Every structure is written in structure tokens, then in C-alpha cells.
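Visitor: I would like to take a close look at a single part of this structure, and I would be glad of a careful, connected explanation.

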Amino acid sequence: MKLIMLGDVVGDLGTNAVLNYLPSLKRKYDADTVIINGENSAQGNGILPSSAKKLFDAGADCITTGNHVFRRREIYEELDRQTGIIRPLNFCSKNPGSGVYIIDRLRYKIAVVNLMGVVNMEPLKNPFDTMDELLQQLSADVVILDFHAETTSEKRALGFYLDGRISLMAGTHTHVQTADEQILKNGTGYITDLGMCGPFYSVLGIKPENAIARFKTAMPTRFENSDGECIISGIFADIDEKTGRCRFIERIGLITK
């Protein structure tokens with residue numbers, strides 16, 4: 001199977017860029033599966049049914065999220081309907097939504113898993129234990145993990161911990177793409193962070209002057225999404241659906257007008 005994964009989509013600019021450019025990326029890579037992190041796809045932050053629809057219309061098969069998933073109450077019903085939008089598995093089980101989505105390709109099944117880190121994040125269930133429990137009961141030929149986490153160390157550690165047990169792990173959350181895409185020793189594809197789909201001249205999608213004011217004064221600051229050129233960041237991966245092992249991984253980085 002040929003997979004495209006895109007990093008955190010930021011605001012209307014990022015959502016519209018994905019809508020406009022993802023179809024050509026799918027053709028370029030002959031990709032049959034697309035996973036997108038959409039937790040910031042609503043203008044401001046969070047995810048709305050309207051922003052999720054644009055990502056599905058662009059070609060997404062599954063939308064993952066992270067710590068902002070519950071910011072907009074309008075998305076709760078969509079999460080509960082299990083339409084392909086998932087939230088981190090290690091949130092409380094009573095929260096809206098699910099942390100796993102199965103894509104059935106008839107000849108094989110793809111399990112998309114969403115998980116959140118706990119270092120410098122919210123005090124959720126241990127992600128290592130959560131994956132251990134899930135993998136004991138999960139039945140799928142290919143397992144893809146979006147690990148939404150703050151620190152590179154936690155991401156790297158979980159990648160090595162899961163090497164050979166899942167097909168691919170891609171980190172999200174920092175909005176800055178890392179240059180460490182690789183296939184680990186036991187066949188798991190890995191990248192510490194996919195990066196961002198959003199304003200290129202920005203601080204993680206936010207107007208630079210907003211971020212500068214926050215760092216200089218430590219005062220509450222209204223964050224606004226930046227505009228202008230957009231970056232689309234992610235990876236392409238080729239995975240053997242029979243063995244579940246990653247055969248190839250490559251970064252995607254595209255600046256749009």
C-alpha cells in the first residue's frame with residue numbers, strides 16, 4: 001500500500017491548501033491511502049465538521065487529532081459517529097470518539113491509531129502501556145500510528161519500542177518537520193514530526209508578531225492565523241500489506257502560492 005500522511009493542518013489557509021494540492025500529490029505518488037492530522041484545521045484552533053469535510057473532500061481516509069480535539073463542541077457528534085475522525089486513544093474512554101479507525105481494503109485492513117504523549121502535555125494514560133494493551137487485541141495487517149507529542153525523546157523512544165510491532169509511526173504536534181525519516185531495524189517506518197500544513201511565514205501557523213509579543217511580555221496574547229504562502233508537509237511511505245513492514249519512506253515538503 002502507498003500512503004501519504006500530512007502534518008497538522010492549520011486554519012483556513014492550511015485546509016484550503018490541502019484541498020487544492022492533495023489530489024495532485026495522490027497522483028504523483030500513486031497513493032491509495034491518506035491520513036491527515038486535522039486538530040487545528042478550524043480557524044483559530046480545534047476541528048469543526050466543516051473543516052473535516054474539506055479534508056475528506058481533498059482525499060483523506062482518516063483524520064487524526066491531538067490535544068485540541070475537544071476545543072470545539074460541534075465536533076463531538078462526528079467523533080461519536082466514528083466517521084473517520086479519531087482522537088488520542090489514551091484520553092479517558094468516556095470522552096467522545098475513538099482512538100482507532102479501521103480502513104477495510106477487503107484484501108487487507110489498515111488500523112489507524114491516534115495517541116498523545118505525556119511529557120509536557122496533559123496527564124493522560126501512559127502511551128507505552130496503551131499501545132501494549134491495544135496491540136494485544138488489535139487485528140489488522142497494517143498499523144499506522146500518529147503520536148501527537150511534545151518532545152523528540154518521547155517520540156523516538158516510542159518508535160524504537162514499537163519497532164517491528166507496527167508498520168509506521170509518525171509524530172505530530174510541533175508543526176516543524178524533522179529530517180529523520182527512516183526505516184527502523186525491525187521494519188517500522190518512522191519520522192519524529194510530519195510538520196505542518198499551514199502558513200509558511202508564521203510561528204507554528206500563528207502571526208509572528210503575536211508569538212513575539214507573547215515571548216517578550218509573557219502577557220496573554222490573542223493568536224491569529226497568519227496568511228500568505230503555505231507549506232504542505234508530510235511523508236510518503238510504501239508498506240507491504242502482507243508483512244506489515246515499511247519498504248520506503250520519503251518526506252514531502254511543498255510551498256504553495
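Visitor: How many bridges join β11 to strand β12, and do they run parallel or antiparallel? Please go on from there to the helices.

Guide: In this predicted model, three bridges join β11 to strand β12, which covers residues 230-239, and these two strands run antiparallel. One place to find this pairing is P199, whose bridge partner in β12 is C230. Strand β11, made of residues 196-199, is also joined to β2, here by two bridges, and that pair runs parallel. If you look for D8, you will find that it stands opposite M196 in β11.

From β2 we can turn to the helix α2, which takes in residues 49-58, because β2 (8-9) is among the elements that the buried residues of α2 pack against, together with α1 (11-29), β3 (33-37) and β4 (62-64). The buried residues in α2 are S51, A52, L55 and A58. Seen down the axis of α2, these buried residues fall within an arc of 120 degrees, so they line one face of the helix. The general background is that an α-helix has 3.6 residues a turn, so residues three or four places apart point the same way. Just after α2 comes G59, which takes a positive phi of about 130 degrees.

The helix α1, one of the elements packed against α2, deserves a slower look. At 1.5 Å a residue, its 19 residues should span 27 Å, and the end C-alpha atoms of α1 are 26 Å apart, which agrees. Even so, a kink of about 40 degrees lies at Y21 in α1, shortly before the proline P23. The buried residues of α1 are G11, G14, T15, A17, V18, L22, L25 and Y29. After α1 comes D30, and its phi is positive, near 55 degrees.

Strand β4, another of the elements that α2 packs against, leads us to G66, which is placed in the loop between β4 and α3 (76-81). G66 counts as buried because its relative accessibility is 0%. Leaving aside residues up to four places away in sequence, G66 touches E39, P88, F91, N114, M116 and H148. Finally, consider G66 together with N40: the two are 26 residues apart in sequence, while their C-alpha atoms are 8.9 Å apart in space.

Key
Residues numbered from 1 in each chain as written. Predicted model: local features only at pLDDT ≥ 70, side-chain atom pairs only at ≥ 80, totals over all residues. Heavy atoms only, no water. Buried < 20%, exposed > 50% of the residue type's maximum accessible area, 1.4 Å probe, protein only. Helix = DSSP H or I, 4+ residues; strand = E, 2+ residues; numbered from the N terminus. Arc of directions from axis to C-beta. Contact = heavy atoms within 4.5 Å. Pairing = 2+ DSSP bridges. Expected span 1.5 Å × (residues − 1). Bend = angle between axes of the 7 residues up to and from the residue.
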